[in-house]
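Hi,

Here is the structure I promised to pass on to you. Have a look at it first, and then read my notes below.

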Amino acid sequence: MSLSLAPKQTPLRIVRVQTDERIAKHLASLGIVEGESVEIVQVRAGSTVLKVKRGRLALDAAVSKGIEVVA
Amino acid sequence: MVKVALAGNPNCGKTTLYNSLTGATAYVGNWPGVTVEKRSGTYYFKGKHKKEEGIEIVDLPGIYSLSPFTPEEIVSRNHILNEHPDVVVNVVDGTNLERNLYMTTQILEMDVPVVVAINMADAVEHSGLRIDTKALSEALGVPVVLVSALHRKGLENLMQITAETAQKPRKGVSFLEKDELIEKARKIYESREIGSALFHAVKALEGDELEAKENHDAFQEIQNLDKRGKDYSKAISTERYQFITPLCEKAIDESEAQAAFSRSDKVDRVLTHRVFGPIIFAAILFLIFHFTFSADLFYLGAMGVPFGEGYPGFIVMNIGGEEYRPFAGLFYSADGINSIGEFFHVLAGDNETGIVGCICLGFKQLLLNWNSPEWVISMFYDGILNGVAAVLGFVPQIMILYAFFSILEDSGYMARVAFMLDRLFRKLGVSGRAFIPMIMGFGCAVPAMINTRTLSSDKERTKTLRVIPFFTCGAKAEFLAIIAAAVAAAINFDAGVFTFLMYLLGIVVAIVAVVVMSKTTQREKVPPFIMELPSYHRPQIRALLIHIWDKGKHFIQKAFTIILVSTIIIWFLASFTPRWEFIGEGTSGSILEMIGCLIQPIFTPLGFGVQAGPSGWALSVATIQGLVAKENVTATIETLGGVLGVADFAGIVKLTGISTGAVVAFGVFNLLTIPCFASVATLKAETSSKKSFWLTIAFWFGTSYVLGILTFLTLEYVWTLSITLPLIAVGVVALILYDRHKTKQEQAAA
C-alpha cells in the first residue's frame, strides 16, 4: 500500500520508491530506500511525518503516495 | 598552513563546531539549511598564535549526499573536489549515525585524507547509546573521534588527529561490492588524469547530472559501458546501506537506549495539531508583534484603564530655554503600558528623549556654552544627530524582534511550521520550504534572499526572491512606526493596529504575487517537500545572545556609516542655496528643494506629489533616500523636519497639508518598493540572468507604484472603487482564462 494510506505507529517496510530519479536519489540519501523499515508518526491530508533510522522526516502528499510499504 | 574542510549532513552541528574551533560567531539554527555559503576561520593550538601555526577551517553548507539536490549543495561538493583541502573533517550526528554515514561512504571514495568527527557526544551519552569508535575506525579505514561541539569537549584531540591525518595522502576507497564496471569506469577517469577517479566513476555510473556537465566525455564513455542508469543508482544506494547498517549494529550498543525522541513527538502532537497547530502559530506571531511594537500592552488602555498623562519621567532638563523630559512615557504612556520592545525603544529614544536624547541634548548644551553660531548647532543637532538618533532609537526594538524569531528558529519549531504550511503554499504555487526564507524577510531581506539557495527549483527561487521584500524588514518597521504615529494624530486610528495591518498588507501582496507568477511566467509543478524535522531543543542562550548582538551591531554600524553620510549630505543640500548661502530654519531655496521639486510630480498619483505644495519635496527626497537604505526614510524625514522647522513626521504632514490617504500611500509605496542597495546587490548575485534581475526591479517598482495609487484613490475618493474593482475583476478573470488555456496546452503536450 502507499505510505499515505498506511497505518500510524506500526513498523512498515519500504518495498518501492516511485518518483523521478532526482527526488529518489535525494530520498535515498535521507534513508528512504527499498527494504528500509520506517514508522509513520503523523499524517496530514496525505502528507506524512516518518521515523527513518534515528531521524524524523516530513514528506508532502505526492512524495508519500509514491512510496509503497508493507506492514 | 593546513587547510581543513568541515563537511556533513545539515543540522549535524557543523557550524557549532566551526564556531567553537575558530571563535567565530556564525549563526546557528535548528533547521536544515542554516549555512548556505562556505566561510573560513582559523584554529590555533593552545599557546600558539603565529599565523603559520594556525589551521584554516572552512565550514561548508550541510549536505545529505554528494549528488546535489539544491544549489547550496553544489558549493560543498565543488569545494572538496576543486579547492583540494588537505583533510576533510566529516562531522556526523552521533544520535543518527546510520543516516549520516551514508555521505561518509561517498566522501571516502575521494582521494583526500578524512577524519570522522562524531558530534553531539553528550546527547549520545544522554540517550543511553554507546558508540565503539575503534570498530568504526577499523571498518572505515580513517580516524574516528568523539566530540561535543556545544560543550567544547574533545576539540583539541580532534584537531591534533586532523593535523596528523593531513600529512598522510589517501586514495579513495569504495565499500560497494567489487564490481568490474566500477573498475572500468575508474580507469576511464584515471586515463584522463582526473583526480578522485573512483568518486567520479561511481557518480557517472549513477547517471549524476553534475558529472554529465563537468566531465562530459568521460561520462559519455561510461554511459556506453552500462545503460541501467536509474536502476544502477538505486542499487548503489541500497549497497551503501548494506554496508552501513550492519556496521552500526556492531558499533552502537543500544541496550540502554531511551526512546529516541518521544518528548519531541509529544510536543508535536499539540504544536502541529490539525486544528490547534495553525491557531497556535498565528497566536505566536501576533504575540511577537504585540510584545515588540505595542504601546498598549494587552490593550488595557483601549479597554478603558486610565493612565492619566503617562509616566512623567525622572529627569527634567533645561536646554536652550526649552524644557525636556527624556524619560517621559518610559513605562507607560497615556495610551497604556509599554510592551518590552516599546520600553526599550523609549529608553533608547531619539534626539530629544531616552539615553540617545540625553547624549544629543548634552551635546547641544555644550555647543550653546561655546556660543557656537546657529548653523553649527543646526548642522550637528538637527542635521547629523537628528537622523542618526532616530535610527539608533529603533535598534533595541529590532533586536528584540530578532530575539523572538531566533528563539523560534533555534528551537526547531520553524521546520514544523514549514511542514504545516506546505499544503497551503502548494496551492499558491511554492512548497512549504519557501516559508523559511520568507519569514526571514521580517528580519532582513539580505540573508533571506541568500537562503533561497535551499530551494530546489529555479522558478521557486525566483518567486520567493521577488516576494521577500514584501515581508516588512526591521528597517521598514522604523518608518512604519512614524507613519502610524502620524495617522494616529490625524484620524485617531490605533498605531499598533495600523502597523499590524501594514505587515498584513505586505503578506497579502506576497501571496497574490506568488499566485499570479505561478499562473503566468513562473509555471511549474511545485517542487516536493522533503524536510528533516529536528528534535526540539532549548535555544542555546550564548549563541542566541551573540547572534542578536551581531544584528544590533550591524544596525549600529549602518547608522554611523551609510546613514550618517546620507544624513550629512541631505542636511547640507537642504541647508544651502545653489550660491552656497546658509539658509535658516523654515526658509526655502535650498539645493535639495530644487532637486526634490523635479522628482515630486512622480508621486502626484499617490497623493504626495504636487498636492504636497512647496514643502512636499521633503517626502520625495525621503522616498528616494529609502532606495539606499530603508532607515534613511526615517532619518531623512527627521533631518528635513528639522530644516523645515517642524518636530516630526506628523509635523511635515501638517505643513504639506497632504491627506491621510496620501500618508498611507506614502507608507505603502515605501513598504513595497525596491528595497535597499544591499538587497538589490544580493538579488543580483542570486539571480542567474540579467533579464530576470531587471524584471524583478521593474516588478518591485510597478507593484509599489500601482498599489500606492490604489491606496490613495480608495482612501480619498471611495467612488473610484466603482472603476478599480471592475478592472481588478477583469484582471482576475483574464488570469483564470489564461491559466485554463495554458493548463490545456500543457496537458496536450504531456
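B:Val89 stands opposite B:Val115, which sits in strand 5 of chain B. Before you go further, keep in mind that this is a predicted model.

That pair belongs to a parallel pairing: strand 4 of chain B (residues 87-93) and strand 5 of chain B run together over six bridges. Put helix 3 of chain B (residues 97-107) between those two strands and you get a right-handed β-α-β unit. Strand 5 of chain B has another partner too, since three bridges join it to strand 7 of chain B (residues 144-146), again in parallel. There, B:Ala117 has B:Val145 as its bridge partner.

Is strand 5 of chain B mostly covered or mostly open? It is mostly covered: six of its six residues (114-119) are buried. Try turning the model to see both faces. One side holds B:Val114, B:Val116 and B:Ile118, the other B:Val115, B:Ala117 and B:Asn119, and all of these are buried.

Now for the sheet that the two chains build together. Six strands line up in the order 5(A)-1(A)-2(A)-3(A)-4(A)-13(B), forming an open sheet with antiparallel pairing. At the edges you'll find strand 5 of chain A (67-70) and strand 13 of chain B (530-532), each pairing on one side only. From one strand to the next, the twist averages 40 degrees. As a reminder, strands of a sheet pair through backbone hydrogen bonds, either parallel or antiparallel.

Inside this sheet, strand 2 (residues 37-44) and strand 3 (residues 47-52) of chain A pair over six antiparallel bridges, and A:Arg44 has A:Ser47 in strand 3 as its bridge partner. Where do the chains join up in the sheet? Strand 4 of chain A pairs with strand 13 of chain B, antiparallel, over three bridges; here A:Leu57 is matched with B:Glu532. Helix 18 of chain B (residues 413-428) lies across strand 3 and strand 4 of chain A and strand 13 of chain B, at about 160 degrees to strand 13.

How many residues touch across the two chains? 29 residues of chain A are in contact with 30 residues of chain B. On the chain A side, the elements giving two or more residues are helix 1 (21-29), strand 2, strand 3, strand 4 and helix 2 (61-65). Helix 1 of chain A gives the largest share, eight residues. Sorted by class, that side of chain A has 13 nonpolar, seven polar and nine charged residues.

Back in chain B, check out helix 14 (residues 340-348) and helix 15 (residues 354-369). They pack at an angle of about 5 degrees with their axes 3 Å apart, so helix 14 of chain B is roughly parallel to helix 15 of chain B. In this contact, B:Val346, B:Leu347 and B:Ala348 meet B:Gly354, B:Ile355 and B:Val356. By class, that's five nonpolar residues, one polar and no charged ones.

Last, two residues with a positive phi that aren't glycine. A:Lys53 has a phi near 50 degrees and is found in the loop between strand 3 and strand 4 of chain A. B:Asn11 has a phi of about 60 degrees, and its place is the loop between strand 1 and helix 1 of chain B. Why does B:Asn11 count as buried? It has 24 C-beta neighbours inside 10 Å, and 20 or more is what it takes to be buried. A:Lys53 is buried as well, with 24 other C-beta atoms within 10 Å.

Cheers

Note on methods:
Residues are numbered from 1 along each chain as its sequence is written. Chains are lettered from A and ligands numbered from 1 in the order in which they are written. This is a predicted model: local features need pLDDT of at least 70, side-chain atom pairs count only at pLDDT 80 or more; totals for chains, interfaces and linings use all residues. Axes are lines fitted to C-alpha atoms, for helices over the stretch in contact, and angles run from 0 to 180 degrees between N-to-C directions. Helices (H or I, at least four residues) and strands (E, at least two) are DSSP runs, numbered from the N terminus. Angles under 35 degrees count as roughly parallel, over 145 as roughly antiparallel, 65 to 115 as roughly perpendicular and the rest as oblique. Two residues are in contact if their C-beta atoms, placed from the backbone, lie within 7 Å. Ala, Val, Leu, Ile, Met, Phe, Trp, Tyr, Cys and Pro count as nonpolar, Asp, Glu, Lys and Arg as charged, and the others, Gly among them, as polar. Two strands pair if DSSP finds at least two bridges between them. A residue is buried if 20 or more other C-beta atoms lie within 10 Å of its own, exposed if 12 or fewer, and partly exposed in between; C-beta atoms are placed from the backbone. A crossover is right-handed if, with the strands pointing away from the viewer, the path from the first strand over the helix to the second runs clockwise.
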